[in-house]
Amino acid sequence: MEANELARREHAMRLADVMTRDLPRAQPDESVASAAQKMVAAGVKALPVCRGDALVGILTDWDVTRAVAEAADPAREHVERWMTKDPISAPPDALLTDASELMAQHQIHHLPVVRDNVVEGMVHLDVDWNRLGEAGMPAASFATPI
């Protein structure tokens, strides 16, 4: 790596600089309705799903919508059925540029920030996958809240 690139990376923002901290968490055996209420109360579009401290999934507003659309009873359905299992995550010291590339590669909007499998926060990337900019990259920006 050349000196300019090394200097730029040393001063670049990291996920820990922009992540949303202190998110509520859902449990796999919790009801979808309960998790949705936590999302509304916190004003977020996704929750990490944890068993103890360990990240096991992520539940998004889209997952809740799917559960309701399939005529499931959100008060009886468990989060585990609707969550994304083993979600893509990144460490708090990951660069924003690297995180955005990871999210684009997997076409995800929410990225749990994890150290030693413990959730420390989450970032949200507003992306329009259908609106490609120069070099074929989607139009994207990190946004708060998640």
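This short talk walks through one protein model, from its overall layout to a single buried cysteine.

Good morning, everyone. Before anything else, please keep in mind that what we are looking at is a predicted model, and that the values I will quote were computed from it.

Let me begin with the overall layout. The protein has 146 residues, of which 38% are buried, and its secondary structure consists of 6 helices and 6 strands. If you follow the chain from the N terminus, the order of these elements is α-α-α-β-β-α-α-β-α-β-β-β. Looking at contacts between residues at least 6 apart in sequence, we find that 52% of them join residues at least 24 apart. As for the outside, the accessible surface comes to about 8,300 Å², and carbon and sulfur atoms account for 50% of that area.

Now to the interior. In soluble globular proteins, nonpolar side chains tend to be buried together. Here the largest nonpolar core has 19 residues, and within this core V49, L59 and V79 have the most contacts. Two or more residues each are given to this core by α3 (32-42), β1 (46-51), β2 (54-60), α4 (61-69) and α5 (79-82). There is also a second, separate core, made up of 12 residues, with M19, L96, A99 and V123 among them.

Returning to the largest core, which residues does V79 touch, if we leave aside those up to four places away in sequence? The list runs A26, Q27, P28, E30, S31, V32, A35, V49 and L59, and two of these, V49 and L59, were named a moment ago for their contacts inside the core.

Let us turn next to the hairpin of β1 and β2, in which 2 residues lie between the strands and G52 adopts a positive phi near 70°. The two strands run antiparallel and are joined by 6 bridges, one of which pairs R51 with A54 in β2. Strand β1 is mostly covered, with 5 of its 6 residues buried.

Finally, consider C50, which sits in strand β1. Why does C50 count as buried? The reason is that its relative accessibility is 0%, and the cut-off for buried is under 20%. Setting aside residues up to four places away in sequence, C50 touches R25, A26, Q27, P28, L55, V56 and V119. The last of these contacts, V119, lies 69 residues from C50 along the chain, yet the C-alpha atoms of the two are separated by 8.3 Å.

Thank you, and I am happy to go back to any part of the model.

Notes: Residues numbered from 1 in each chain as written. Predicted model: local features only at pLDDT ≥ 70, side-chain atom pairs only at ≥ 80, totals over all residues. Heavy atoms only, no water. Helix = DSSP H or I, 4+ residues; strand = E, 2+ residues; numbered from the N terminus. Buried < 20%, exposed > 50% of the residue type's maximum accessible area, 1.4 Å probe, protein only. Contact = heavy atoms within 4.5 Å. Areas by Shrake-Rupley, 256 points an atom, 1.4 Å probe, with all protein chains shown as cover. Core = buried A, V, L, I, M, F, W, Y, C linked by side-chain atoms within 4.5 Å. Pairing = 2+ DSSP bridges.
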